[in-house]
Amino acid sequence: MLTDELVARVRRIELTTRKLVSDGFAGEYHSVYKGRGMEFDEVRQYVPGDDVRSIDWNVTARTGQPHVKRYVEERELTVMLAVDLSGSGDFGTRERFKRDLAVELAAVLSFAATTNNDRVGLLLFTDRVELLIPPRKGRNHVLRMLRELLAFQPDGTRTDISFALDTIYALLKRRSIVFLISDFLADPESYRQPMVVANRRHDVAGFDLSDPLEREMPDVGIVAMEDAETGQLRWVDTGNADWRREFGERVVGLERQKGEVFAAAGVDRVRMSTGEDYVARIAAFFRDRLRRPAR
């Protein structure tokens, strides 16, 4: 239900993010993605002058005559935002919760895409698909997605990134852009292969959200810690040097595993913190993509 508070929040985020887009992100997004989507058109017989790299060897072997694959540039792209709504997103010790950061990030990417006349869709997930909004064009469509991002209450609390990636792979048959927004607090090995497979068909980028307190725990004495995804509660002594060392080692280990999985899949990993300027992070991501050749 649309409340006055929700309408005000949607309007505030729209004004903020659309200004960011108009001030530069739209142009950078266009430079990075427009014209990079190629759609298969046909297989035809090879003629002198064709690029030998486009030869379809399967058809060539079957017919005994060289054939090439022909592609045409797509006039529009499809963008799918996959946003993690698991319980760990309701955590933040700086300016915002991780879920708030996810909403603002999704809004910026959505308005950049729709400004470029691309279709945008939304997948909200936990350990299941919570909500799926098929890709469409237009400001009103983006505003609907933004309302859902702000107001939706998921049934699940845990995270299953592999299931989200498998769903996207089954849903989107043509090459698309996939922005995966999560804190990736799951076993990286559980989503290694699905990420590899998804990135073979699509252009996947992962936005890895975190909070400073998740990376370095200060000495604040004995505290109760609750796992937001399992509800498990336990008491820990943050003043214990051995505990803090083990905590740091777990953080370092998880970061290393994440990096290995993203690298193996060829997926960009954009790290974002609730205590940092996400605008600078997105701008750096676009600049880095511009320096690389198209896939």
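**Exercise 1. Strand S3 and its surroundings**

How many of the residues of strand S3 (residues 78-84) are buried? Work out the burial of the strand, then its partners and the connection that leads out of S3.

*Solution.* The model is a predicted one, in which local features need pLDDT of at least 70 and side-chain atom pairs count only at pLDDT 80 or more, whereas totals for chains, interfaces and linings use all residues. Residues are numbered from 1 along each chain as its sequence is written, and side-chain values use heavy atoms, with hydrogens and water left out.

Step 1. Strands (E, at least two residues) and helices (H or I, at least four) are taken as DSSP runs and numbered from the N terminus. Buried means under 20% relative accessible area, exposed over 50%, and partly exposed in between, with a 1.4 Å probe and protein chains only. By this criterion, seven of the seven residues of S3 are buried.

Step 2. In a regular strand the side chains alternate between the two faces of the sheet. In S3, Thr-78, Met-80, Ala-82 and Asp-84 point one way, while Val-79, Leu-81 and Val-83 point the other way, and all are buried.

Step 3. Two strands pair if DSSP finds at least two bridges between them. S3 pairs in the parallel sense with strand S4 (residues 119-125) over seven bridges, and Arg-119 in S4 is the bridge partner of Thr-78. S3 also pairs with S6, again in the parallel sense, over five bridges, with Leu-81 opposite Phe-179.

Step 4. S3, H3 and S4 make a β-α-β unit that is right-handed, a term that applies if, with the strands pointing away from the viewer, the path from the first strand over the helix to the second runs clockwise. Helix H3 (residues 98-115) has 18 residues and reaches 26 Å from its first C-alpha to its last, close to the 26 Å expected, where the expected span is 1.5 Å times one less than the number of residues. Of the 18 residues of H3, 16 are buried, and the helix is followed by Asn-117, whose phi is positive, near 65°.

**Exercise 2. The whole sheet**

State in what order the strands of the six-stranded open sheet are arranged, and explain what sets its edge strands apart.

*Solution.* Step 1. The order is S5-S4-S3-S6-S7-S10, and the pairing is mixed.

Step 2. Strand S5 (129-136) and strand S10 (268-273) are the edges; each has a single partner strand, so one side of each is left without a neighbour in the sheet. From one strand to the next, the twist averages 15°.

Step 3. Strand S6 (residues 177-182) and strand S7 (residues 203-210) pair in the parallel sense over six bridges, and Ile-177 stands opposite Asp-203 in S7.

Step 4. Helix H9 (residues 278-290) lies across S6, S7 and S10 and runs at about 165° to S10; the axes are lines fitted to C-alpha atoms, for helices over the stretch in contact, and angles run from 0 to 180 degrees between N-to-C directions.

**Exercise 3. Rings around Phe-179**

Describe the two ring pairs of Phe-179 with Tyr-33 and with Phe-207, and place them in their cluster.

*Solution.* Step 1. Rings of Phe, Tyr and Trp (its six-membered ring) pair if their centres lie within 6.5 Å; planes under 30 degrees apart count as stacked, over 60 as edge-to-face and the rest as tilted. The count by this rule is seven aromatic pairs.

Step 2. Tyr-33 and Phe-179 form an edge-to-face pair, at 5.9 Å centre to centre and 75° between the planes. Because Tyr-33 lies in helix H1 (residues 4-33) and Phe-179 in strand S6, the pair ties together parts that are 146 residues apart in sequence. Tyr-33 counts as buried at 2% relative accessibility, and Phe-179 is buried with a relative accessible area of 0%.

Step 3. The rings of Phe-179 and Phe-207 have their centres 5.8 Å apart and their planes at 70°, so this pair is edge-to-face. Phe-179 in strand S6 and Phe-207 in strand S7 are 28 residues apart, and both are buried.

Step 4. Ring pairs link Tyr-29, Tyr-33, Phe-179, Phe-207, Phe-285 and Phe-286 into a cluster.

Methods:
Contact means heavy atoms within 4.5 Å.
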